[in-house]
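Let's take a walk through a protein together, one piece at a time. Have a look at the sequence and the 3D view first, and then read on.

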Amino acid sequence: MPSESIFGDLTRDDLRELSADAIALMPLGATEQHGRQLPASTDSMIATHLAERSAQLVSEQVQVVLCPALPFGFSEHHLPFGATISLDNDTYIRALTSIGRSLSRSGFKRLIFLNGHGGNVAPGAAAADRLVTELELDLAVAVLSYWECIDDVVRAGFSMPSPGHAGSFEASLISALDADLVRPYGADTQEVLDDAARPLNVSDHLLGTTRLPNMWPASDGVTDAPAEPDPKFGSQLLDALSAAIAEYIRNFDAATR
Ligand SMILES: [Zn+2]
């Protein structure tokens, strides 16, 4: 019976046995400023948690090998704010390509990058194109940003704010994962939060595909004003997202067998 396995815990013999049939699942994180309320590892924490949870949920049906999370992503637009370690675009595409090539050489034929950071979307797609279309590796590659599953979550009856960056959405998720890492919200911190509340002034559509000079520097590096985090909402959201990602993994498994 399949089960989830952790890449780093396995020997080369274990992995040789698993790799031909298993799906390699790698969380893609970022180390970047998340305003004044949230830690720099926010995106890595969320992607890692969702990868672990969804791998557990499918463990009876699909063999998943959970790979170590990549803690750095394409975060150049956050460099002006500090607290950011970024790989430039070319480096990040090449890093993902090298990871895919290595997994292919190790016998894997299926790979899902589970992404937790908006800046990784475009280079992630470029790396997938390079691996599959240009290098013609015998490797099925998916780059799934966890918020792409939000439609499923909303259809399941969940109302949800836009994910954004370092706003109330991520604050709720992090408060559910480790409340100590969210800077306290209250009357005594209102002044600090007010000062930080200079959100990015663009719609989600522009945030996704359009690059405007000075878009980020004109803001305080957050997409919506800090708010009191809601750990209960965050926890329900993590449950719903994990279930939606598990369903995605089942579909990917069926499509790539
Ligand atoms: Zn984030």
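A good place to start is strand S2, which is mostly covered: 6 of its 6 residues are buried. Keep in mind that you are looking at a predicted model. Follow the side chains along S2 and you will see two sets: Ile23, Leu25 and Pro27 point one way, while Ala24, Met26 and Leu28 point the other way, and all of them are buried.

What does S2 pair with? One partner is S3, which runs parallel to S2 and is joined to it by 3 bridges. You can find one spot in this pairing where Ala24 stands opposite Val65 in S3.

Now zoom out to the sheet. How many strands form it, and in which order? There are 5 strands in an open sheet, arranged S1-S3-S2-S4-S5, with parallel pairing. In general, the strands of a sheet pair through backbone hydrogen bonds, and the pairing can be parallel or antiparallel. The edges of this sheet are S1 (4–6) and S5 (140–145), each of which pairs on one side only. On average, neighbouring strands here are turned by 25 degrees against each other, direction ignored. At the S5 edge, strand S4 (residues 110–115) pairs with S5 in the parallel sense over 6 bridges. In this pairing, Arg110 has Ala140 in S5 as its bridge partner.

What about the rest of the chain? In total, the secondary structure comes to 9 helices and 5 strands. Reading along the sequence, you meet the pattern β-α-β-α-β-α-β-α-β-α-α-α-α-α. Among the helices, H2 lies across S1, S2 (23–28), S3 (64–66) and S4, and runs at about 155 degrees to S2. Of the 257 residues in the chain, 46% count as buried. Looking at contacts with a separation of 6 or more, residues 24 or more positions apart account for 78% of them.

Helix H2 also leads us to the metal site. Which residues hold the zinc ion? Its protein donors are His34 (NE2), Asp43 (OD) and Glu170, which gives two OE donors, at 1.8 to 2.7 Å from the ion. The 4 donor atoms subtend angles of 53 to 134 degrees around the zinc ion, so the arrangement is irregular. Asp43 in helix H2 (residues 42–57) and Glu170 in helix H6 (residues 168–177) link distant parts of the chain, as they are 127 residues apart. Written as a spacing in sequence, the donor residues read H-x8-D-x126-E. Both Asp43 and Glu170 are buried.

Next, look at two alanines in loops. Ala83 has a positive phi of about 55 degrees although it is not a glycine, and its place is in the loop between S3 and helix H3 (89–105). Ala166 has a positive phi as well, near 65 degrees, and is found in the loop between helix H5 (150–155) and H6. Are these two alanines buried or exposed? Ala83 counts as exposed because its relative accessibility is 58%, whereas Ala166 counts as buried because its value is 2%.

Finally, turn to the cysteines. A disulfide is a covalent bond between the sulfur atoms of two cysteines. How many disulfides does a search of the whole structure find? The search finds 0. Cys67 counts as buried, with a relative accessibility of 5%, and Cys149 also counts as buried, at 3%.

Methods:
Residues are numbered from 1 along each chain as its sequence is written. This is a predicted model: local features need pLDDT of at least 70, side-chain atom pairs count only at pLDDT 80 or more; totals for chains, interfaces and linings use all residues. Side-chain values use heavy atoms; hydrogens and water are left out. Donors are N, O and S atoms within 2.8 Å of the metal (3.2 Å for Na, K and Ca); water is not among the atoms, so sites may look incomplete. Four donors count as tetrahedral if all angles lie between 85 and 135 degrees; four count as square planar and six as octahedral if opposite donors are over 155 degrees apart and all others between 65 and 115; anything else is irregular. Helices (H or I, at least four residues) and strands (E, at least two) are DSSP runs, numbered from the N terminus. Buried means under 20% relative accessible area, exposed over 50%, partly exposed in between (1.4 Å probe, protein chains only). Two strands pair if DSSP finds at least two bridges between them. Axes are lines fitted to C-alpha atoms, for helices over the stretch in contact, and angles run from 0 to 180 degrees between N-to-C directions. Contact means heavy atoms within 4.5 Å. A disulfide is a pair of cysteine sulfur atoms within 2.5 Å.
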